[in-house]
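Here are my notes for when you open this one up. Keep the viewer beside you and click through the residues as you read.

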Amino acid sequence: MKINKRKSTAAMGCCFSLIVIGIGLAGWPAERAHATRAGGQTFSVIATDLENPRGLDFGPDGALYVAEAGSGGAGPCGPGPEGDRCFGQSGAVTRIDLRRGFAERVASELPSLASPDGSFATGVHDVSFRGLGNAYLTTGFAGDPAERMIFFGEAGGNFARLARMNPAGMFELVKDLGDYEAANNPTGDEVDSNPYGVLSLAGRQVFADAGGNALNQVTARGRISTLATFPDRLVLAPPFLELPPGTLIPMDTVPTSVAQGRDGAFYVGQLTGFPFPVDDANIYRVPEDGGDPVVYAGGFTAVIDVTFGPDGSMYVLELAKNGLLAAFIDGDWTGALIRVTPNGARTELGIGMLTAPGGVAVGADGTIYVTNNSIFSGTGQVVRIEE
């Protein structure tokens with residue numbers, strides 16, 4: 001998953017046509033017969049064969065729409081946070097009809113960058129509907145926006161963008177979010193843009209720029225502004241750096257996700273940058289009209305998504321519960337989903353059943369849906385968790 005070089009270790013036009021492609025589906029009711037019980041919940045795989053699946057949201061038709069970052073392609077290639085990455089048109093948006101038990105890719109051939117084996121993709125990162133209208137999506141980049149076309153040609157300009165899609169899959173790039181970071185650099189830090197989580201609201205779209213360490217918004221008239229910035233924090237240097245005991249080093253915040261609470265405020269999930277400390281990621285609260293972020297809840301690790309359920313509980317999704325160092329060095333991509341009730345009580349759901357999860361959505365009935373294997377090519381899933 002591309003986040004930022006400090007935070008994780010044929011050109012296309014503006015519009016993309018509807019292409020429907022069937023994908024793997026663990027069909028109803030057979031998947032219920034093979035459901036797994038874990039920690040008091042039923043855990044079922046409902047869709048398979050996804051390419052680096054990330055955020056997901058319910059559309060106005062009741063279906064579940066899943067952002068797939070793709071698996072890159074033949075190139076051109078250039079540097080990225082996890083090494084060389086190559087361009088391709090392998091990104092997609094998949095629609096899962098929960099009533100009929102049917103899944104299809106409704107938008108395809110979307111921009112994607114990935115490692116040569118198709119893993120750790122950057123592409124369509126999140127999808128968010130509001131009411132009966134269109135969905136808005138982010139395409140990421142993880143780097144200086146000026147490098148998009150230097151390394152990836154004209155097609156590189158399709159990264160670090162806001163896109164619009166109707167429920168039928170008609171997809172259009174509408175706003176260059178990377179240009180905003182390059183021109184304004186709200187944190188005054190290095191220029192770096194990786195639009196990640198997005199929230200569609202009346203008259204605006206709010207998005208977390210994991211590269212720019214900012215929470216920004218785009219108004220209906222196309223004006224981009226910053227709601228909050230997230231400065232570096234000082235943390236203890238890990239022992240393997242062999243620095244004097246007690247040495248503090250700066251750590252990027254890396255805001256990956258945004259949800260709106262019942263109070264109207266925005267709640268922003270933090271991945272954290274190097275040295276990726278365990279239990280040191282926060283959920284920040286930002287006023288609805290913007291302002292200084294304050295820590296709402298702490299003690300998390302590598303937060304990749306956050307959302308709310310119908311009872312007001314917050315759901316916090318951790319990409320790697322044992323830390324990103326353990327993930328990259330030891331291959332331990334065990335994820336976690338943590339429910340935080342309005343009174344602050346925490347419960348981990350689906351213990352041991354998540355691997356590098358990428359997004360979470362909660363239905364009106366309280367059923368939970370999570371994208372699994374979100375940084376791998378061809379093995380991505382959508383799983384359902386019921387209690």
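1. Start with Arg-95, which has a relative accessible area of 12% and so is buried, since the cut-off for buried is under 20%. Keep in mind that you're looking at a predicted model. Buried or exposed: how does Asp-97 come out? With 5% relative accessibility, Asp-97 counts as buried. The side chains of Arg-95 and Asp-97 meet in a salt bridge, with 3.9 Å from N to O.

2. Now widen the view a bit. Which residues share a salt-bridge network with Arg-95 and Asp-97? They are Asp-61 and Arg-100, linked with Arg-95 and Asp-97 in a network of salt bridges. Across the structure there are 13 salt bridges.

3. Next, have a look at Arg-164 and Glu-172. Their closest N and O atoms are 3.1 Å apart, and the two residues form a salt bridge. Arg-164 has 27% relative accessibility, so it counts as partly exposed. Glu-172 is partly exposed too, at 29%.

4. Here's another pair to click on: Arg-204 and Glu-288, whose side chains meet in a salt bridge at 4.0 Å, N to O. This pair links distant parts of the chain, with the two positions 84 residues apart in sequence. Where do the partners sit? Arg-204 is in strand β15 (residues 204-209), while Glu-288 is in the loop between β22 (281-286) and β23 (294-300). Arg-204 counts as buried because its relative accessibility is 13%, whereas Glu-288, at 36%, counts as partly exposed.

5. On to the spaces inside. The largest pocket holds about 770 Å³ of space. It is lined by 35 residues, and the closest to its centre are Asp-57, Phe-58, Thr-307, Phe-308 and Val-362. Strands β5, β10, β14, β20, β24 and β28 (359-362) each give two or more residues to that lining. By class, the pocket lining divides into 17 nonpolar, 12 polar and 6 charged residues.

6. There's a cavity to find as well. The largest cavity has a volume of about 50 Å³. Which elements give two or more residues to its lining? They are β5 (53-58), β10 (124-129), β14 (195-201), β20 (255-260) and β24 (303-308). Among the lining residues are Arg-54, His-125, Asp-126, Tyr-196, Ser-257 and Asp-305. By class, the cavity lining has 2 nonpolar, 6 polar and 3 charged residues.

7. Don't skip the outside. Leu-234, Leu-236 and Leu-248 make a nonpolar surface patch of about 320 Å². Leu-248 belongs to strand β19 (residues 248-251). Why does Leu-248 count as partly exposed? Its relative accessibility is 47%, and partly exposed covers the range between buried (under 20%) and exposed (over 50%).

8. Last stop: Val-106, in strand β9 (residues 102-114). At 2% relative accessibility, Val-106 counts as buried. Try a distance from here to Leu-199: how far apart are Val-106 and Leu-199 in sequence and in space? They are 93 residues apart in sequence and 21 Å apart in space, taken C-alpha to C-alpha.

Definitions and conventions
Residues numbered from 1 in each chain as written. Predicted model: local features only at pLDDT ≥ 70, side-chain atom pairs only at ≥ 80, totals over all residues. Heavy atoms only, no water. Patch = residues over 30% accessible without salt bridge, like charges linked within 9 Å, V, L, I, M, F, W, Y side chains within 5 Å. Areas by Shrake-Rupley, 256 points an atom, 1.4 Å probe, with all protein chains shown as cover. Helix = DSSP H or I, 4+ residues; strand = E, 2+ residues; numbered from the N terminus. Buried < 20%, exposed > 50% of the residue type's maximum accessible area, 1.4 Å probe, protein only. 1 Å grid on protein atoms, 1.4 Å probe; cavity = no way out; pocket = protein on both sides within 12 Å on 5 of 7 lines; lining within 4 Å. Points joined across faces, edges and corners; volume = space filled by probe spheres on them. Nonpolar A, V, L, I, M, F, W, Y, C, P; charged D, E, K, R; others polar.
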